Structures are given as C-alpha cells and as structure tokens.
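This report looks at how a bound ligand is held by its protein, beginning with individual atom contacts and ending with the arrangement of the chain around them.

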Amino acid sequence: MNAFSYKNRDLYAENVAISAIAADVGTPLYIYSTQAMQEAYKAFTNAFSSQRTQVCFAMKSNSNLAVIKTLADLGAGADVVSNGELMKAISAGVKPKKIVYSGVGKTYEELSAGIEAGILQFNVESLPELLSLSDIAASKNTSVDIAIRVNPDVDAETHHKISTGRREDKFGIDISQAKDIFKQAFSLPGLNPVSIAVHIGSQLTDLTPFETAFKNVAKLTRDLRSNGIEIKRLDLGGGLGISYGNNTAPNPNDYAKIVERTIGNLDCDLIFEPGRYLTGNAGILLTRVIYYKDTGYRRFVVVDAAMNDLLRPALYDAQHSIQEAREPLGTADLIKVDIVGPVCETGDTFATEYPLSSPVSGDLLVIKDTGAYGAVMASTYNSRLLVPEVLVSGKDYALIRRRETLEEQISRELLAPWQNNIK
Ligand code: LLP
C-alpha cells in the first residue's frame, strides 16, 4: 500500500488527513509513515532471508528517536558515526551488540564511548585510528572487534558528492594496503580484526558498482584467510537507491542476488547499513503556500519551507516530486511554476517549471520522498526555527520533534561580557 494517497481528493498519511496535522502542528513539518518504514525494512530483510544478516540502520539518514525505535522494534541495529548517534541509538533501545561505528574521524572520546557501550564493531578507516583504538582498548584491558573499511576504488556512478569508494575519496583504506593493515591489527593489543567493511556511496541506482566492490571484498577475504586472518563478518554498507519519481529504483532482490553471487559462498555473517532505503520514501515535507507571484516572466510559488528545512535540492540539485494536498481535478488547468522558499538565495528552489493547479496563499503542498537526509540536515539558517517532525501510524499521529521556539534559539546565544550595555 502507498502510505501517502488521496481519499476523496484529500491527501492522507496512512489514515490521517495531512491537512489535519498541518492545522494542529503548523507548517513546515516532516511527516513519516510507520507502515512505509516497516514495509521497506521487510522488503530489505526478506531479500536476504537465506543469509545470516543484521541490518544496521544508517542513522545519519534520519536520527529521530521515534524513527530509530520503529526500526529497532523490527530487529534493526544501528550504524552510527558520532557520539550523538551512539547515545541516541542506545536511548531508542538499540542493543549495543547491533551497533557498528563508522566514520573517518572518530575522536578519542568517541572510540572510548563505543568501547564502554560494548558495540559490535568499529569500522576503522586509517592506520592512526587503528593505533588509537588499540591503545584505548588495551588501556581498558579489553579487546574490540574491528572491520577495516576498504576503499575499493570503484565509482558508484552516483552524485559525486555522495560517492565514497573512489581512490581520491577520503574514506577507507586503499584495498591494496588492506592486507598489511590487517596484519598490523592482528599483532596489536586490544583488537580482533574479524571483519571487512565497504561502502562506495549513496543513492546507487545501477547495481553494477556494488558487484565490482563486493567481488574485490571476496577476493580480499580469501587472501586474508589464507594468511591466517579469520574474517567472519562482512559489512557491505548502505547505498541502495530509491525512486524519487523521476528514476527507477533498483530492487532489493536483485541486490541480494549480487551479494549471493559475489560473497555468498564465504560463510560470513553479513551486515548492511541501509539508510535512505528504509526511510526515504516514508517521509514527506509538508509546506504551505505563502504567496503566488507572477512576474510576467516567471511564476513563483513561495512556500514556507526552505533550503534550511530540506537542503538536498540546493546541495545536490536533487529533484523531489511535489504534490498538492488537495488533489487537482485534472491536468487541463495545470500551470508551470517555480516552487521556492523564502530564504535569500536563488538556490532556495525546490522545483522549476513544475506543473501545479493555480496555487493560492494557504494551499498545502507536499515535497515527497524526504524521509532520508531531510530533517537531519535541517538548520536554522536565516534564524528560522528547526523544523518539527510527526510520526503517523494508522489513524494516530504524534509529534516526535516539536518545533523549536524562538526563545530557545535566542537563548543559545550570548553577548560577550563587554557588550552588556545593550539597551
Ligand atoms: N554507511 C556509510 C558508511 C555511509 O557513509 C552511509 C551514507 C550509509 C551507510 C547510508 O547510505 P544510504 O543507504 O542512505 O545510501 N546527504 C546525502 C547522502 C549522504 C550519504 C552519506 N553516507 C543525500 O541527501 O543524498
């Protein structure tokens, strides 16, 4: 079932009219469908039902506690990249033994906190990190499971800003050096080198780069095993793309076939770190039209959401489908408009030459497929308030992040002591 659909021309999130949520919470706001996340999780895990797999939800895509809890209740672990994410995962009920720690710059404090928490594994991305982790673990008289995250030098064929597996990218350890690093790890105190991790990028719509990367990982696994390093777990990262309306999404079953083909015979436990696949299509950004402005040259629909609420169009030229909360009656009356936010940048544009029925102030619009990398990347640019989030389940909805107040925002800032003469 599509979690967002029209009933009597009104757009619903599951069984709740989104206009009712807007009236209650105000706009802009994010709305997530529990059912859509559950279905995505099941589609992903069903594809791998014949393998020993653990899904570690990439929290960077959506780190709201209620979202994490929705997935944790289904059995998901977490892929974390900061102490904040680690603490949120634990407070949302994710078991530490289902947490992997990724990231190219984990600090001493972060490594330490991960060890204290007793997480499943650290995905190590450099020799200095390896040495640091060994020191910290040894000083605590413990040892930790590690993966070496390899950089396989594979182009993910996605947007260049979210490609992570090319040799020139900052991520991982060059796969040609991996064997030496594993040998070092093996000889260092406090480390159990048991795993290889790989993540070549995000929003992959062509599965071929995965196949190339996984083949390289399989080769390395065999090589390490023949050198006495017993790799028992492979972390294959995230990256599975979704449909944004203008592209075809790859099928998780085809992805699973590639995994089976490339590393299926290695008898390893598998970890996946999907983010976007689990939450992307499950979220919308609801916004209200402030003005409709016809310059004679161009028609602008100015809405109350902006690039600070959803950065993807400005940052990656991402195109999200936009829908009217009140279903248009036909296509005959549609006009082409630019849908823009109020922020003082031309980049604050959600869509250009987009077909809408004649918009008027107060109309509600929905920016679709924004459950991943939406709210998490929001900011207070232009001193706008951090956008709230709502979770829907059936006919229920709940505020899962309330709108920041202006007082809260202002109170975080201080005058310097010598400025205390402001009247
Ligand atoms: N694992 C690692 C190590 C990652 O760096 C990422 C994403 C993931 C897993 C999850 O990838 P996913 O399954 O979501 O594709 N802000 C960008 C996306 C950045 C992705 C960063 N890393 C966007 O809005 O497209």
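## Ligand contacts and domain arrangement

In this predicted model, a polar side-chain atom of Ser202 lies 2.4 Å from an oxygen atom of the ligand. Oxygen atoms of the ligand are also approached by the protein backbone, through an N or O atom of Gly239 at 2.8 Å and through an N or O atom of Gly275 at 2.9 Å. The three distances are set out below.

| Residue | Protein atom | Distance to a ligand oxygen atom |
|---|---|---|
| Ser202 | polar side-chain atom | 2.4 Å |
| Gly239 | backbone N or O atom | 2.8 Å |
| Gly275 | backbone N or O atom | 2.9 Å |

The ligand taken alone exposes 590 Å², and the protein buries 91% of that area. The space that the ligand takes up is the largest pocket.

Around the ligand there are 18 residues, of which Ser202, Glu273, Arg312, Tyr316 and Tyr373 are the closest. By residue class, this shell divides into six nonpolar, six polar and six charged residues.

The chain itself is divided into domain 1, which comprises 4–31 + 282–397, and domain 2, which comprises 32–279. Each of these two domains contributes at least three residues to the shell around the ligand. Although the C-alpha centres of domain 1 and domain 2 lie 33 Å apart, the domains also touch, with 24 residues of domain 1 in contact with 25 residues of domain 2.

How values were computed
Residues numbered from 1 in each chain as written. Predicted model: local features only at pLDDT ≥ 70, side-chain atom pairs only at ≥ 80, totals over all residues. Heavy atoms only, no water. Near = heavy atom within 4 Å. Polar contact = N/O pair within 3.5 Å; in protein donor to acceptor, adjacent residues only side chain to side chain. Areas by Shrake-Rupley, 256 points an atom, 1.4 Å probe, with all protein chains shown as cover. 1 Å grid on protein atoms, 1.4 Å probe; cavity = no way out; pocket = protein on both sides within 12 Å on 5 of 7 lines; lining within 4 Å. Sits in = over half its atoms within 2 Å of the grid points. Nonpolar A, V, L, I, M, F, W, Y, C, P; charged D, E, K, R; others polar. Domains from an automatic or database assignment. Contact = heavy atoms within 4.5 Å.
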